[in-house]
Amino acid sequence: MSRLIPPGSTLGVLGSGQLGRMFTLAARRMGYRVHVLSPDDDTPTGQVADVEIKAAYDDLDQVADFARGVRVVTFEFENVPASTTEAASRFAPIRPAGSVLQTTQNRLIEKNYLRSIGLPVTDFARVDSLASLNEAVAKLGLPAVLKTSAWGYDGKGQILLRSQEEIPSAWERMAGQECILEAWVDFAGEISVIGARALDGGIETFGPVANVHHRHILDISVCPAPGLGEKVRRRAVEMTRAVLESLEVVGVLCVEMFVTADGELLINELAPRPHNSGHLTIDACDSCQFEQQVRAICGLPLGSTRMRAAAAMANLLGDLWAGPMDYSRALAFPELKLHLYGKAAARPGRKMGHLTALADTPQEAEQIVRQARLALTGSAERSS
Ligand code: AMP
């Protein structure tokens, strides 16, 4: 059988959020059909897919049925259980492979893996008791961040420890889950590189993108990352290529990194899928991160990642929906692109959409998305 999965074929996606939605939009534009499986219905992905299957990830009969109906399975959510990808892999290839998920869905396994291949990570220690947390604090110092090893994203399951007194209650809040304590990184900036690796091993990358987080959630992304020296830029791309090659990723993977004051890079996290910091590629690049995901998993050559202009993205969190939204005022910025994910309930911290702008410089693009976001709520102050 040819390794090419041609347009007209059906692709499967596990997980049904905005990443699956934008993957599906890219796939459908290229003539593919998309089936999605997740425990929910009327989802951001399901609204634009051909078929939406509502099933628990551990309903392995439904997972098997889903996989029988598609040529390849990908995911948009890295916390898919290993048993799910295993059940699906009997009927269709999983891209990236389930083994990539298993390495990246646990912070301890991920950091140990990165160290083992010689890549720099934040200092860390495993914590599974109050005694081991005290030992880890003695080794790494304070402040430090206590994170659950598994199931964490967007700052969920993270506690910043500033003083010894906070240690017992922090451990209590973790309710006996395996954790990791990370040394606090007094970073000069945060960046990400998003890489795609094709079935034949070809790699294309986007970025580095400069990222600003607010309450542990990505707030603003800007590309090209302002003020980043050529050496750091090249090193960030090299490190991303090394991860893609070593994990033999077929698909898209994002490497989030801290840049220290002396220009050192430390990997914070891997995401084996398109990433929020890559959303600006939809409007800014010849082929966006979602098109690359489609091309990679279908055995097609990767597209060009050339940027047409500098770009910035501002996330729209549910907090903004507390009052009326003034779309006319925001879209009065002619450079602005509005992306909404079709989510009905706007909860605080929930990613509802994003804004992208292209401009001559990254600074100008950033100014436009910030101003447009303010205009959206009619506020003079930042409200997310
Ligand atoms: P994470 O979920 O691990 O990506 O963390 C979300 C955000 O919290 C990061 O992008 C940083 O802004 C911040 N953060 C997490 N870990 C650390 C750390 N060890 N030192 C400093 N900031 C951190």
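In the next few minutes I will go through the ligand site of this structure and then a patch on its surface. Please keep in mind throughout that what we are looking at is a predicted model.

Let me begin with the residues around the ligand, of which there are 17, and among these Lys147, Gln158, Glu190, His216 and Glu269 are the ones that come nearest. If we sort that shell by class, we find six nonpolar residues, six polar ones and five that are charged.

Turning to individual polar contacts, the side chain of Arg107 places an N or O atom 3.0 Å from an oxygen atom of the ligand. On the nitrogen side, a polar side-chain atom of Glu182 is found 3.1 Å from a ligand nitrogen, while Ala183 contributes through its backbone, where a polar atom sits 3.0 Å from a nitrogen atom of the ligand. How much of the ligand does the protein bury? The ligand taken alone exposes 480 Å², and 96% of that area is buried by the protein. As for the secondary structure behind this shell, the elements that supply two or more residues are strands β6 (144-148), β8 (179-183) and β13 (265-271).

Let me now move to the surface, where Leu331, Leu338 and Leu340 form a nonpolar patch whose accessible area comes to about 210 Å² for the three together. One of these, Leu340, belongs to strand β15, which covers residues 336-340. Leu340 has a relative accessible area of 32%, and because the class between 20% and 50% is called partly exposed, that is how this leucine is described.

How values were computed. Residues numbered from 1 in each chain as written. Predicted model: local features only at pLDDT ≥ 70, side-chain atom pairs only at ≥ 80, totals over all residues. Heavy atoms only, no water. Patch = residues over 30% accessible without salt bridge, like charges linked within 9 Å, V, L, I, M, F, W, Y side chains within 5 Å. Areas by Shrake-Rupley, 256 points an atom, 1.4 Å probe, with all protein chains shown as cover. Salt bridge = Lys/Arg side-chain N within 4 Å of Asp/Glu carboxyl O. Helix = DSSP H or I, 4+ residues; strand = E, 2+ residues; numbered from the N terminus. Buried < 20%, exposed > 50% of the residue type's maximum accessible area, 1.4 Å probe, protein only. Near = heavy atom within 4 Å. Polar contact = N/O pair within 3.5 Å; in protein donor to acceptor, adjacent residues only side chain to side chain. Nonpolar A, V, L, I, M, F, W, Y, C, P; charged D, E, K, R; others polar.
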